[in-house]
Structures are given as structure tokens and as C-alpha cells.
Amino acid sequence: SDCRGGERQGNGFEVQVRNTRRRALPSSQVTATEAVAVRLPLGNSSSRVVELYRTMASARLDGGALAGQLPYADGHGNTITASGRTVTVEVGSMGATVIWNMGSTLRVTLAAGSALLNHSCGLCGDADGTLAGERDVVGQHEHWRVNPNTTRVPLLAADPGRPATCIESAAPATSDPCATTAARAEAEAYCAALRDDAGPYGACFGVVEAEEIFADCVFDHCADPNLACSTLQLYESECEAAGVAELQSVVDACG
């Protein structure tokens with residue numbers, strides 16, 4: 001969101017994410033994205049809210065079903081499109097694009113001339129073009145946390161089956177889901193296509209770097225095998241966006 005006050009007035013661009021834990025307490029730091037909400041500014045002190053869930057049938061735009069309104073455009077530079085399980089929300093007035101694969105991978109990108117550069121808050125840091133100091137930025141603006149001590153207005157509808165507040169891990173960052181040799185070996189075998197030059201992604205390796213996504217895939221598989229397929233979906237999406245035409249998908253094989 002924009003740190004300069006737009007979101008505090010209830011009409012600025014904002015992204016909220018609902019994560020749920022995938023491992024039992026006290027090691028609750030392994031979570032997965034279950035829902036995403038985006039506030040779409042309309043340029044006249046008003047806004048609309050799109051709520052995305054893991055099924056398109058559950059998606060909402062200002063409380064009404066979204067599916068029948070796709071592709072969506074409102075004349076204010078806001079568009080919503082869907083391709084397969086990937087939903088793309090573009091907020092032209094902010095130069096921002098939100099992409100979610102209805103799984104564990106969510107990306108927010110800013111155009112070169114975006115007004116949000118060096119002015120954003122939350123888990124995305126301040127978007128100043130460098131990673132230095134990002135942890136401090138996130139800590140200074142803890143209004144992104146959902147807990148009783150904040151005045152943040154939730155954009156997502158309440159889920160009676162989920163806790164309303166974040167539960168901090170009793171031992172943060174101390175649990176490695178790949179701690180056992182067997183778990184890591186199984187995860188690396190599952191994600192092997194991201195390192196196989198002669199495999200289905202070989203044509204993309206010189207275009208889109210795969211090593212970081214391989215590491216994410218391994219971590220996700222160790223935490224919950226159901227999450228790792230989303231990581232492969234992300235790499236395929238980035239290869240396709242980069243214009244790699246010879247790509248062979250493995251997503252059907254993993255879900």
C-alpha cells in the first residue's frame with residue numbers, strides 16, 4: 001500500500017493477504033496464501049475491492065461474483081483478467097500489477113514510473129530499488145499485521161473457520177521443514193525439472209533464472225507437498241511472459 005496516506009483514507013491502492021499455517025504450533029512460521037484482496041482506486045475518493053480465493057467461484061468484486069464480470073475494466077485504469085488459475089489485477093493509476101496463481105505464489109510488481117516507488121509499506125518493503133533496510137521498513141509499519149492492536153480495516157470477508165488474528169510462533173525462524181535428509185531428497189527430486197537442462201524447462205534456463213525458484217520449490221515441498229506445484233506454476237508463467245515458446249508444462253502432472 002501507499003505510505004503517504006491514501007490507504008488510511010480508505011480509497012487508496014492496497015493489497016491484503018490472508019495466510020494460514022501449514023505446520024502445527026509452535027512452528028507456525030510455515031504458511032500458505034489462502035486469499036488476496038486488492039483495493040482498486042477510482043480517482044474520485046472512492047474505490048472498489050476485489051477478493052480472490054483459491055477457487056474462481058468464490059471470487060468477489062464489491063461483494064458480488066467476479067467470474068461473470070471477467071475480463072474486467074472500469075475506465076480508471078483498473079483491469080482484472082484470468083488465465084487458467086492465474087489472476088492478474090492491473091492498477092494503471094499506480095503502475096502496479098498484482099499476480100496470484102490461486103496458490104502459494106503472489107507477486108506485486110511496479111512499473112518504472114510508479115508513484116509507489118520508494119513510498120510503499122508492508123511486506124513488500126518500501127520499493128526503493130534496494131534490499132538494504134527492508135526488514136526495518138517492514139517493522140516500522142506493522143499496520144499490515146492483523147491483530148487486536150491495529151486499526152487496519154480487513155478487505156477480506158471474515159472466515160469463521162479461521163482465527164481472526166495472527167498467532168506468532170513461539171520459536172520464530174527456528175524450524176527447518178527440510179531438516180531431515182529424506183525430506184530434502186524427496187523435495188529435490190520433485191523439483192528436479194528446475195535444474196534439468198534437457199528437461200521440460202531447459203529452453204527457459206537462459207531466459208529466466210531458475211535457481212531461486214528451485215530453492216523455494218524445495219522449501220515448499222518440505223513444508224507441505226501440495227504447495228510446491230504452485231512454485232512450478234510460477235516458473236512456467238514467468239517463462240511464458242518472457243516469450244519462451246518451447247516450454248513443456250509439468251503442472252498437469254503435479255496438480
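# A tour starting from His-221

Select His-221 first: with a relative accessible area of 6%, this residue is buried, and its place is in helix 3. The model on the screen is a predicted one, and every value quoted along the way is to be read with that in mind. With His-221 still selected, show its surroundings: apart from residues up to four places away in sequence, His-221 touches Glu-186, Ala-187, Tyr-190 and Ala-228.

**The whole chain**

Before following those contacts, zoom out to the full chain, which has five helices and ten strands. The chain holds 255 residues, and 40% of them count as buried. If you display a contact map, consider the contacts with a separation of 6 or more, of which 47% are between residues 24 or more positions apart. Switching on the accessible surface gives a total of about 13,300 Å², with 51% of that area belonging to carbon and sulfur atoms.

**Helix 2 against helix 3**

Now select residues 181-190, which form helix 2, together with residues 211-223, which form helix 3. Two packed helices are described by the angle between their axes and the distance between the axes. Here the axes come within 8 Å of each other and cross at roughly 130 degrees, and helix 2 is therefore oblique to helix 3. The crossing in which helix 2 passes helix 3 is right-handed.

Which residues of the two helices meet? On the side of helix 2, colour Ala-183, Arg-184, Glu-186, Ala-187, Glu-188 and Tyr-190, and on the side of helix 3 colour Phe-214, Cys-217, Val-218, His-221 and Cys-222. Sorted by class, this contact between helix 2 and helix 3 comprises seven nonpolar residues, one polar residue and three charged residues.

Pick Arg-184 out of this group, a residue of helix 2 that is partly exposed, its relative accessible area being 34%. When neighbours within four places in sequence are left aside, Arg-184 is in contact with Asp-176, Cys-178, Val-218 and Cys-222. A distance label drawn between the C-alpha atoms of Arg-184 and Phe-219 should read 8.3 Å, although these two residues are 35 residues apart along the chain.

**Helix 3 against helix 4**

Keep helix 3 in view and add residues 225-241, which make up helix 4. The axes of helix 3 and helix 4 lie 6 Å apart and the packing angle is about 160 degrees, so that helix 3 is roughly antiparallel to helix 4. This crossing, too, is right-handed.

The contact draws on Ile-213, Asp-216, Cys-217, Asp-220, His-221 and Ala-223 of helix 3, while helix 4 contributes Pro-225, Leu-227, Ala-228, Thr-231, Leu-232, Leu-234, Tyr-235 and Glu-238. By class, the contact of helix 3 with helix 4 has nine nonpolar, two polar and three charged residues. The starting residue, His-221, belongs to this contact and also to the one with helix 2.

**Strand 3 and Tyr-53**

Leave the helices and select residues 47-53, strand 3, in which Tyr-53 lies. Is Tyr-53 buried or exposed? The relative accessible area of Tyr-53 is 16%, and the residue therefore counts as buried. Show the side chains around Tyr-53, and, not counting residues up to four places away in sequence, the ones it touches are Arg-18, Glu-34, Ala-35, Ser-58, Ala-59, Trp-100, Met-102, Leu-156 and Ala-157. The C-alpha atoms of Tyr-53 and Val-36 are separated by 6.6 Å, with their positions 17 residues apart along the chain.

**Three stops in loops**

Go next to Asp-62, in the loop between strand 4 (60-61) and strand 5. Phi of Asp-62 is near 50 degrees, which is a positive value in a residue other than glycine. The relative accessibility of Asp-62 is 46%, so Asp-62 counts as partly exposed.

Continue to Pro-71, which is found in the loop between strand 5 (64-65) and strand 6. Select Leu-70 as well and inspect the peptide bond that leads from Leu-70 to Pro-71: this bond is cis, with omega near -10 degrees.

The last stop is Gly-75, in the loop between strand 6 (72-73) and strand 7 (78-83). Gly-75 counts as exposed because its relative accessibility is 75%, and exposed here requires over 50%. To close, draw a distance from the C-alpha atom of Gly-75 to that of Gly-92, 17 residues apart along the chain, and the label should read 10.0 Å.

Conventions: Residues are numbered from 1 along each chain as its sequence is written. This is a predicted model: local features need pLDDT of at least 70, side-chain atom pairs count only at pLDDT 80 or more; totals for chains, interfaces and linings use all residues. Side-chain values use heavy atoms; hydrogens and water are left out. Helices (H or I, at least four residues) and strands (E, at least two) are DSSP runs, numbered from the N terminus. Buried means under 20% relative accessible area, exposed over 50%, partly exposed in between (1.4 Å probe, protein chains only). Contact means heavy atoms within 4.5 Å. Accessible areas come from the Shrake-Rupley method with a 1.4 Å probe; for residues, only the protein chains shown count as cover. Axes are lines fitted to C-alpha atoms, for helices over the stretch in contact, and angles run from 0 to 180 degrees between N-to-C directions. Angles under 35 degrees count as roughly parallel, over 145 as roughly antiparallel, 65 to 115 as roughly perpendicular and the rest as oblique. A crossing is left-handed if the near helix is turned anticlockwise from the far one by less than a right angle, and right-handed if clockwise. Ala, Val, Leu, Ile, Met, Phe, Trp, Tyr, Cys and Pro count as nonpolar, Asp, Glu, Lys and Arg as charged, and the others, Gly among them, as polar.
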